[in-house]
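Visitor: I should like to learn how to read a structure of this kind, one feature at a time. May we begin with the display?

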Amino acid sequence: MSPADTDPHPHDASDAAQKPSRRRFLQSAAAAAAVSAAPLAHAQQQAATPATAPPPAAVPMMPVKLTINGHPYELQVEARTTLLDALREYANLTGTKKGCDRGQCGACTVIVSGRRINSCLTLAVMHDGEAVTTVEGLAPDGDTLAPIQRAFIEKDAFQCGYCTPGQLCSATALIDEYRAGDASAVTADVRFRPAQLSDDEIRERMSGNICRCGAYPNIVAAVKAVASGNA
Ligand code: FES
Ligand code: FES
């Protein structure tokens, strides 16, 4: 009897070639890893290479004509420029103050075509051709203060003064609105103009103007003095 007859698992050379060995498995895995890592390495190499960014496109400017405090201005502004920034940065009228830049404090109040507005909440190009009054334009001339300005001084209606330009513009328009018969949220009978501006009426009508120094009682007193002709 030959040894082959007694071996239950005769060793065949072709079987050995097909059976996975530990060495062949590790070789295959390493090759596969190298293949899958190649695109990643390529991508990383590309990312490391600085891309040539296109130059930023020039922002188009738009013309806007305003009459500010009686003087004509022709400004070239970006379409996104607020009226507040146009006044301060383009027309160089820095009396109007930027407090919150989001319509909450009233420091930026100016009068546009007779109505007081928050200049931080509106675009300059929306007011092309309109008349704007800022705190610099309240006094009738360079030497004489407006009645509301005198009253603010006499009634000690400010401390740091940051809110004061907006308070003055708001108070000026408030008195005009009252004289024109506009009602407010606290007017008892909206069919009739209140006989006089009460403290409640003034507080309500000035409620869009915040004073961090808390000069409110004196501001009310100043507005009341002017509205009643006692200033
Ligand atoms: S800056 Fe405009 S409301 Fe405050
Ligand atoms: S006076 Fe200072 S915030 Fe009004």
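Visitor: Why does Glu 130 count as partly exposed?

Guide: Please note at the outset that the model is predicted. The class depends on a count of C-beta atoms within 10 Å: a residue is buried at 20 or more, exposed at 12 or fewer, and partly exposed in between. Glu 130 has 15 C-beta neighbours inside 10 Å, and therefore counts as partly exposed.

Visitor: Where is Glu 130 found, and which residues does Glu 130 touch?

Guide: Glu 130 lies in the loop that links strand 4 (115-118) to strand 5 (131-133). Leaving aside residues up to four places away in sequence, Glu 130 touches Leu 66, Val 112 and Ser 113. In addition, the C-alpha atoms of Glu 130 and Ile 68 are 8.5 Å apart in space, while the two residues are 62 apart in sequence.

Visitor: How should the strands be read, and which way do strand 3 and strand 4 run?

Guide: In a regular strand, side chains alternate between the two faces of the sheet. Here strand 3 (residues 109-112) and strand 4 run antiparallel and are joined by four bridges. Val 112, one of the residues touched by Glu 130, stands opposite Arg 115 in strand 4. The hairpin of these two strands has two residues between them, and Ser 113 takes a positive phi near 50 degrees there.

Visitor: How many bridges join strand 3 to strand 5?

Guide: Two bridges join them, and this pair also runs antiparallel. Ile 111 has Thr 133 as its bridge partner in strand 5.

Visitor: Let us turn to a helix. Which residues of helix 5 are buried?

Guide: An α-helix has 3.6 residues a turn, so residues three or four places apart point the same way. In helix 5 (residues 147-154), the buried residues are Pro 147, Ile 148, Gln 149, Ala 151 and Phe 152. Their cover includes helix 6 (164-179) and helix 8 (216-227). Just after helix 5, Asp 156 takes a positive phi of about 55 degrees.

Visitor: What is the order of the elements along the whole chain?

Guide: From the N terminus, the order is α-α-α-β-β-α-β-β-β-α-α-α-α, with eight helices and five strands in total. Of the chain's 231 residues, 30% count as buried. Among contacts between residues at least 6 apart in sequence, 57% join residues at least 24 apart.

Methods: Residues are numbered from 1 along each chain as its sequence is written. Chains are lettered from A and ligands numbered from 1 in the order in which they are written. This is a predicted model: local features need pLDDT of at least 70, side-chain atom pairs count only at pLDDT 80 or more; totals for chains, interfaces and linings use all residues. Two residues are in contact if their C-beta atoms, placed from the backbone, lie within 7 Å. Two strands pair if DSSP finds at least two bridges between them.
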